[in-house]
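User: Could you take a close look at one part of this structure for me, the salt bridge? I'd like to see how the pair sits in the chain around it.

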Amino acid sequence: MNATDRKALGKLMLTCESLSLAVEEAMQAVQEHQEDEQEKFDNLSEGLQQAERGQALQEAADSLQEVADTLQEAVDALNTATTNLGEF
């Protein structure tokens, strides 16, 4: 690998690191919203939890958790990519 290739890989590593940080920030924001929705649901009486509004809150919390999990997978993949690029 020549110097030009190493420089290009270095830039790619920096891009992966930046993307990882941005995705991690997004994941944290989603997690905060998920926790808020879950707290709203948990604060409802059992009867209201079973009602349409309660079910909608729970579904929103579950969906947000899925999004956060997917974003975490993206962060992990970007971190792996960065590590692998660093091996060149």
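Analyst: Here's the salt bridge, followed by its surroundings. Bear in mind that this is a predicted model, where local features need pLDDT of at least 70, side-chain atom pairs count only at pLDDT 80 or more, and totals for chains use all residues. Residues are numbered from 1 along each chain as its sequence is written, and side-chain values use heavy atoms, with hydrogens and water left out.

The structure has one salt bridge, meaning a side-chain nitrogen of Lys or Arg within 4 Å of a carboxyl oxygen of Asp or Glu. It joins the side chains of E37 and K40, at 3.0 Å from N to O. Why can these two meet? They lie three residues apart in helix α1 (residues 3–42), so about one helical turn separates them. Helices here are DSSP runs of H or I, at least four residues long. Side chains of opposite charge can pair when their charged atoms come close.

As for cover, E37 is buried at 17% relative accessible area, while K40 is partly exposed at 43%; buried is under 20%, exposed over 50%, and partly exposed in between, using a 1.4 Å probe and protein chains only.

Zooming out, the protein chain has three helices and zero strands. Its C-alpha trace spans about 70 × 15 × 15 Å along the principal axes. Buried residues account for 23% of the chain's 88 residues.

Notes. Helices (H or I, at least four residues) and strands (E, at least two) are DSSP runs, numbered from the N terminus.
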